[in-house]
Amino acid sequence: VTDDYVIDDIDVQISITHTYVAQLDAYLIGPDGQRIELFTAIGGSDDHFDATVFDDEADAQIVRARPPFRGRFQPESFTKQEKSLGHFYGRTVRGTWQLMIRSTKNERSGVLHGWSLIVQPREAPPE
């Protein structure tokens, strides 16, 4: 990201086709190297993330949801009361952001259709 503004809120949206999502783990890695757990081994043998948004302010917990995951969910790290997306509030958006997805088994394949950061900039104080 080449923009340079302070983050007021940040969410992550992903779309993945996979036939056994419990084999997947996903993390957002920020420019400062902080790794935020979005999910690990959830959803059983069911399929897919369909424009799924991870949002600390969401009402639903990803660990209690069932695939196909549609809507807004708290990242697993938030549910565990570990560092979550709020870690990035007040920091600059500028830098390299990474989405790390790994599979605990390699007998299945999947497709990452896309991912994005949804960032709300902090408003500058009135002058």
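Guide: Two strands pair if DSSP finds at least two bridges between them. Keep that in mind as we walk through this predicted model.

Visitor: What makes S2 and S3 a pair?

Guide: DSSP has to find at least two bridges between two strands, and 5 bridges join S2 to strand S3, residues 35-40, so the requirement is met. The two strands run antiparallel. For one contact to look at, take Asp-25, whose bridge partner in S3 is Thr-40.

Visitor: And what lies between the strands of that hairpin?

Guide: The hairpin of S2 and S3 has 5 residues between the strands, and Gly-33 takes a positive phi near 90° there.

Visitor: How do you know that S2 and S7 pair?

Guide: By the same rule of at least two bridges: S2 and S7 have 6 bridges, in the antiparallel sense, so they count as paired. Here Leu-28 stands opposite Leu-99 in S7.

Visitor: Why is S2 called mostly covered?

Guide: Buried means under 20% relative accessible area, and 6 of the 6 residues in S2 (residues 24-29) are buried, so the description fits. Both faces are covered: Leu-24, Ala-26 and Leu-28 are buried on one side, and Asp-25, Tyr-27 and Ile-29 on the other.

Visitor: Why is Ile-101 called partly exposed?

Guide: Buried is under 20% and exposed is over 50%; Ile-101 has 30% relative accessibility, which falls in between, so it counts as partly exposed. You will find Ile-101 in strand S7, residues 98-103.

Visitor: Which residues join Ile-101 in a nonpolar patch on the surface?

Guide: Leu-112 and Trp-115 do, and the three together have about 230 Å² of accessible area.

Definitions and conventions: Residues are numbered from 1 along each chain as its sequence is written. This is a predicted model: local features need pLDDT of at least 70, side-chain atom pairs count only at pLDDT 80 or more; totals for chains, interfaces and linings use all residues. Side-chain values use heavy atoms; hydrogens and water are left out. Patches are made of residues with over 30% relative accessible area and no salt bridge: like charges are joined within 9 Å, nonpolar side chains (Val, Leu, Ile, Met, Phe, Trp, Tyr) within 5 Å. Accessible areas come from the Shrake-Rupley method with a 1.4 Å probe; for residues, only the protein chains shown count as cover. A salt bridge is a side-chain nitrogen of Lys or Arg within 4 Å of a carboxyl oxygen of Asp or Glu. Helices (H or I, at least four residues) and strands (E, at least two) are DSSP runs, numbered from the N terminus. Buried means under 20% relative accessible area, exposed over 50%, partly exposed in between (1.4 Å probe, protein chains only).
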